[in-house]
Amino acid sequence: MAKVFDAAEVAKHNTPDSCWVILYGNVYDVTEFLTSHPGGSKIILKLAGKDATDDYDPVHPPGTLEENLRPEARLGQVNPDSLVRAKVPDVKTDAQDDAADQRPSLESLLNLDEIEAEATRRIPKKAWAYYFSASDDLWSKTNNNAAYRDILLRPRVFVDCTACDMSTSILGNKVGVPFFIAPAAMARLAHPDGEHGMAKAAARFGAMQVVSNNASMTPEQIVEGAAPGQVFGWQLYVQNHRDKSIAMLKRINAMRDRFKFIVLTLDAPVPGKRELDEKSNFEGGNNVQAAASGNDDAKRPGGGGVGQQLFFGTACDLTWQTTLPWLAEHTDLPIVLKGLQTHEDAYLAAQYAPQVKAIILSNHGGRAMDTAPPAVHTLLEIRKYCPEVFSKIEVWVDGGIRRGTDVVKALCLGATAVGIGRAPLFGLGAGGQAGVERVLEILAAETATCMRLLGAKNNSELGPRFVNTRRVERDIYDGDPGLDKRGLWTKAKL
């Protein structure tokens, strides 16, 4: 019979030498795990001797405990009555109750900015800081959207715009809309529906979803009950311990009826300096110094926000010559390279077709290197220096999409599909699965309206003639092409 502990007894074990935590009513001794925790020991030590369930549950998929702790680390159960006695009552004021009652309906939220504002009021501050944060001064994050504002549309008139078909094909898979849910970690920080709620929302619109390597649910949970033909991709951060990545690829290969491709993320080999996220780690105070635990916490920049914790253990030694052959050994699913930010790298990627089927032009939502170019700049670079790339591989973009007009502008410039990352997370925060549906509903309606006003009946009719990019073109790279095209697309002249 399992031993039963009083919460007061557990509370005494709150040091690096004896660290216990309560999870789901069970008591665990995690002292030995402190030095190997991917997020560092400080995040655990802040919860030492306490019930850590509320902090642990939204960011760890089921099975994490079993994978990382020895069975004997589970010491027993906690007396639930002692937990109730120890917990400080959550006293709400009348004003707070009134505010909850007066929350606006999702239907009254008319754009993605209003969705984000509502989510910001509802979700924990730590979750908001992680979702909202970007690198350094947030210039790239801001400019990702501002660049779209500098592209003007050129509507045609006297065109029958009764019909508007937004469906398209991505890697040979039929989807209902030309935008997709981009990989974004820790969805259950916003709402318990998490990534599975996103999947159910996407099914309503026939939208594709790329699942984050750092999802807060298992891939099996996320795709459970998915609609027939629903398209998923799996994002991969290759780990220093390659066996972990190989094991995950094996799981994804076994679900190839759902997961149609692998997205290898390249734009963040190391985490950016996300100050809002890092600052949130200090709130509430730290009762344990990093040096006290005797591990490498003190070396981690910024105190280790959620982003720093997630990236710990991610490999930064990937290369064209070694990584793609390694991937070919462990999966035959199509490869999509995410995070390309120059025309030179887009050109190189095309040389690795057919293993590489697509690229995603992205600066990681401005979360890696600040002042990196927005995706639309790279899109224009490719059109200028190596337009043949579009005939070799698909080109997707993400970052800064706030309106349907942004989606259409990217499609006009040659993008096959457009990713949205933060918006579905904030949709979850505003209303769970229904909030994500509202995000997709808004974007679909705006995209259709824009296409009709341009005079385009479907995606294939969109093209450069519908946009004026003069203001953006003056800011794109204008140096040496840096390309060796010998023998790639042109035949030798004999």
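These legends describe three close-up views of a predicted model. Local features need pLDDT of at least 70 and side-chain atom pairs pLDDT 80 or more, whereas totals for chains, interfaces and linings use all residues. Residues are numbered from 1 along each chain as its sequence is written, and side-chain values use heavy atoms, without hydrogens and water.

**View 1. Kink in helix α20 (422-454).** The kink is about 130 degrees and is centred on Gly431 (bend: the angle between axes fitted to the seven residues ending at a residue and the seven starting there). The end C-alpha atoms of α20 span only 27 Å, against 48 Å for a straight helix of 33 residues at 1.5 Å a residue (expected span: 1.5 Å times one less than the number of residues). Helices are DSSP runs of H or I of at least four residues, and strands are E runs of at least two. Of the 33 residues in α20, 26 are buried (under 20% relative accessible area, 1.4 Å probe, protein chains only). Gly455, just after α20, has a positive phi of about 95 degrees.

**View 2. Aromatic pairs between strands β11 and β12.** Rings of Phe, Tyr and Trp (its six-membered ring) pair if their centres lie within 6.5 Å; planes under 30 degrees apart are stacked, over 60 edge-to-face, and the rest tilted. The structure holds eleven such pairs. Phe232 and Phe259 are tilted, because their planes lie at 50 degrees, with centres 5.9 Å apart. Phe232 is in β11 and Phe259 in β12, so this pair joins parts 27 residues apart in sequence. Trp234 and Phe259 pair edge-to-face, at 6.0 Å and 85 degrees. Both Trp234 and Phe259 are buried.

**View 3. Aromatic cluster.** Ring pairs link Tyr130, Tyr131 and Phe426.

Notes. Buried < 20%, exposed > 50% of the residue type's maximum accessible area, 1.4 Å probe, protein only.
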